[in-house]
Amino acid sequence: MPRRALRKIDPALDLQRYLKLPDELPRPWNAAHLFDRDAPLEIEVGSGKGLFLQSAAERNPGHNFLGIEIATKYARFAASRLARGGLTNGVMVHGDAQPIFADLLPDNSLTAVHVYFPDPWWKKRHQKRKVLNDRFVKQVERTLVVGGSLHYWTDVQDRFLETLELLAAETKLVGPLEVAETPAEHDLDYRTHFERRTRLAEMPVYRAEFRKE
Ligand SMILES: C[S@@+](CC[C@H](N)C(=O)[O-])C[C@H]1O[C@@H](n2cnc3c(N)ncnc32)[C@H](O)[C@@H]1O
């Protein structure tokens with residue numbers, strides 16, 4: 001499927017409040033300091049162009065949303081969407097989610113973790129780069145509050161089934177809970193850019209939710 005070029009970011013936008021490097025995050029961790037308020041925190045790993053983060057921050061003003069994106073141009077683009085909307089309950093981190101979870105985030109600190117369409121890393125020698133690996137799923141379980149959820153969607157059936165097995169083997173998270181497809185008439189009705197691409201190509205999307213009990 002052809003990739004559309006990213007729209008130019010308005011140079012007048014001030015991204016400082018919306019885009020952070022891992023080194024700029026509060027240590028020890030203090031989400032209230034990062035967002036200037038205390039609220040339930042949801043994290044998206046691999047935000048891409050930032051559609052989920054923007055719409056989730058708009059629709060749930062009572063929650064804080066942190067996106068983590070390793071690719072510079074996508075992290076900046078996603079931050080620019082938050083800045084354009086003045087969405088002060090959203091922040092993008094330009095960095096690798098793995099050490100942020102392992103080294104920084106405390107136990108029982110996240111209301112939800114969202115992982116949508118993670119890179120499948122087809123080649124065997126690249127598979128250790130997969131975001132949802134055995135170490136990371138344990139970090140997700142550790143950092144979720146009791147009652148918190150992991151949301152995982154993908155268009156790759158093999159990866160989906162493998163990841164469900166991994167979650168069952170490595171964690172006590174309860175699931176997969178079924179997630180229904182929602183109607184989408186407008187670009188902003190899709191959860192992420194990749195969900196839009198997949199559904200417009202009439203390909204299946206595999207969705208699961210897991211809960212910490
Ligand atoms: C296939 S894209 C999906 C983007 C978006 N979630 C969507 O559904 O449209 C996967 C994204 O995850 C990012 N990514 C991969 N590994 C990452 C990591 N360790 N930490 C943060 N982001 C990561 C990639 O740069 C890419 O933007």
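1. Quick convention first: "buried" is under 20% relative accessible area, "exposed" is over 50%, and "partly exposed" is in between, with a 1.4 Å probe and protein chains only. At 8% relative accessibility, Asn 133 therefore counts as buried. Asn 133 belongs to the loop between β5 (110-116) and α5 (134-143); helices (H or I, at least four residues) and strands (E, at least two) are DSSP runs, numbered from the N terminus. C-alpha to C-alpha, Asn 133 is 7.9 Å from Leu 166, with the two positions 33 residues apart in sequence numbering.

2. Keep in mind that this is a predicted model, where local features need pLDDT of at least 70, side-chain atom pairs need 80 or more, and totals for chains, interfaces and linings use all residues. Numbering runs from 1 along each chain as its sequence is written, and side-chain values use heavy atoms, with hydrogens and water left out.

3. On to the ligand: 17 residues surround it (a heavy atom within 4 Å). The closest are Gly 46, Glu 69, Asp 96, Tyr 116 and Thr 192. Both β3 (64-69) and α7 (193-200) supply at least two shell residues each.

4. Now the polar contacts (N or O pairs within 3.5 Å). A backbone N or O of Tyr 116 is 2.8 Å from a ligand nitrogen. Ligand oxygens feature too: one lies 2.9 Å from a polar backbone atom of Phe 194, and a backbone N or O of His 193 is 3.5 Å from a ligand oxygen. The protein covers 90% of the 600 Å² of accessible area that the ligand has on its own (Shrake-Rupley, 1.4 Å probe).

Methods:
Polar contact = N/O pair within 3.5 Å; in protein donor to acceptor, adjacent residues only side chain to side chain.
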